[in-house]
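Good morning, colleagues, and thank you for coming. I would ask you to look at the structure on the screen while I take you through a few of its features.

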Amino acid sequence: MKKFTCVDDIGPWRDAVKEALEIKADRFAYGQLGRNRTLMMIFFNSSLRTRLSTQKAAMNLGMNVIVLDVNQGAWKLETERGVVMDGDKAEHLLEAIPVMGCYCDLIGVRSFAGLTDRDADYEERVIEQFIRYSGRPVFSMEAATRHPLQSFADLITIEEYKSKPRPKVVLTWAPHPKALPQAVPNSFCEWMNVTDYDFVITHPHGYELAPEFVGQAKVEYDQRKAFEGADFIYAKNWSAYSGDNYGKILSTDRSWTVDAEKMALTDNAYFMHCLPVRRGMIVTDDVIESPRSIVIPEAANREISAQTVIKRMLESL
Ligand code: CP
């Protein structure tokens, strides 16, 4: 595997989940595979889970790990070509990327959407430049439009917890005080759409996701109706994708918060969220603390999705 930015890069999803569960059963079985190899993790944005789980995954494989927080201690990086660099950005990504590639064997990158220029975000300019100029296999630790390590972990978790072959999985928008990218919901849609699950998306009018991510999923604007008979509720906020509203907050309507009354409409569904989560906005305390909340095992599976991807990359060196 030379790159991992979307569901297509993982190949047949059942094989990937099987491999992930084998790794989970014996996560130190490949402890020599990464010996004398170095992973460089580059963060343009903050992280808790991705940083810790990916580093742990690399350590399980015997790798050395370098972590670079671009905005803390490194030169500020210019990402656009053709600009006169007379501002505060001291180095261009086009020099920085190949230099970083000199010091490692694999690269993980986190770079969020700017949420002002939709075309720039959806062209994935930052991670695409890493893929093009680093000379190393590159994986996404959340890019502008997708978060594939999260979605892979979500899929592993659903496969572990499902009690029927074709569970009903509902992605629900929920309110948030800040404008968030569409990366997690886009990616979740993309990964659910390769399965044969009954997949439903629910959100207020105006929060339609890009059609290429929605695919054949059912969109239901009535959240309560969407929840009926669900086996998994996946909550997430995102900002608007459409037209002039791109990146904007159109609603903070707390009637969309996931609460016990709505969960009672489901078929005793499990509650999922990628975390970090804002209690009282996205979900109530009682739902996230309930026995049906699987947000912690979901986060634990981030180590497993990362290890599966890094293992495949090491095997292709
Ligand atoms: N879910 C997730 O990616 O968490 P972090 O932003 O903390 O890495």
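How far is an oxygen atom of the ligand from an N or O atom in the side chain of Arg302? The distance is 3.1 Å. I should say at once that the model before you is predicted, and that the values I quote are computed from it.

Let me stay with the ligand for a moment. The protein covers 93% of the 250 Å² of accessible area that the ligand has on its own. Two further polar contacts can be pointed out. Ser47 places a polar side-chain atom 2.7 Å from an oxygen atom of the ligand. In the side chain of Gln150, an N or O atom is 3.0 Å from a nitrogen atom of the ligand.

Which residues are around the ligand? From the earlier part of the chain, please find Ser47, Leu48, Arg49 and Thr50. The list continues with Arg110, His147 and Gln150, and it ends with Cys274, Leu275 and Arg302. By character, this shell comprises three nonpolar, four polar and three charged residues.

One member of that shell, Arg110, brings me to the salt bridges. The structure holds 22 of them, and I shall discuss several. Arg110 pairs with Glu142, the side chains meeting at 3.5 Å, N to O. This pair links distant parts of the chain, 32 residues apart: Arg110 is in strand S6, residues 106-110, while Glu142 is in the loop between strand S7 (138-140) and helix H6 (148-161). Are these two partners buried or exposed? Glu142 has a relative accessible area of 8% and is therefore buried. Arg110 counts as buried too, because its relative accessibility is 6%. The cut-off for that term is under 20%.

Beyond this pair, there is a network to note. Salt bridges that share partners join Glu19, Lys311, Arg312 and Glu315.

Next, please turn to Arg51 and Asp69, whose side chains form a salt bridge at 2.5 Å, N to O. Arg51 belongs to helix H2, residues 49-60, and Asp69 to strand S3, so this pair ties together parts that are 18 residues apart in sequence.

The pair Lys18 and Glu22 has another setting. Both residues lie in helix H1, residues 13-25, and they are four residues apart, about one turn of the helix. Their side chains meet in a salt bridge of 3.3 Å, N to O. Lys18 is exposed, at a relative accessible area of 53%, and Glu22 is partly exposed, at 46%.

I return now to strand S3, which spans residues 64-69 and contains Ile66. Together with Val99 and Tyr103, Ile66 forms a nonpolar patch on the surface, with about 270 Å² of accessible area in total. Ile66 itself counts as partly exposed, because its relative accessibility is 36%.

Two side chains that reach backbone oxygens deserve mention. Thr202 lies in strand S9, residues 198-202, and its side chain reaches the backbone oxygen of Glu220 at 2.6 Å. Is Thr202 buried or exposed? Thr202 is buried, since its relative accessible area is 0%. Ser290, in turn, is in the loop between helix H11 (285-288) and helix H12 (295-315). A polar atom of the Ser290 side chain lies 3.0 Å from the backbone oxygen of Val287. Ser290 is partly exposed, with a relative accessible area of 22%.

Finally, I turn to the backbone. Most residues other than glycine have a negative phi, and most peptide bonds are trans. Where does this model depart from that pattern? The peptide bond from Leu275 to Pro276 is cis, with omega near 0°. Pro276 lies in the loop between strand S12 (270-272) and H11, and Leu275 is among the residues around the ligand.

Asn36 is not a glycine, yet its phi is positive, at about 65°. Asn36 is in the loop between H1 and strand S2 (38-43), and it counts as exposed, with 62% relative accessibility. Asn268 also has a positive phi, near 55°. Its place is in the loop between helix H10 (260-263) and S12, and at 46% relative accessibility Asn268 counts as partly exposed.

That concludes my presentation. Thank you for your attention.

Technical notes:
Residues numbered from 1 in each chain as written. Predicted model: local features only at pLDDT ≥ 70, side-chain atom pairs only at ≥ 80, totals over all residues. Heavy atoms only, no water. Near = heavy atom within 4 Å. Polar contact = N/O pair within 3.5 Å; in protein donor to acceptor, adjacent residues only side chain to side chain. Areas by Shrake-Rupley, 256 points an atom, 1.4 Å probe, with all protein chains shown as cover. Nonpolar A, V, L, I, M, F, W, Y, C, P; charged D, E, K, R; others polar. Patch = residues over 30% accessible without salt bridge, like charges linked within 9 Å, V, L, I, M, F, W, Y side chains within 5 Å. Salt bridge = Lys/Arg side-chain N within 4 Å of Asp/Glu carboxyl O. Buried < 20%, exposed > 50% of the residue type's maximum accessible area, 1.4 Å probe, protein only.
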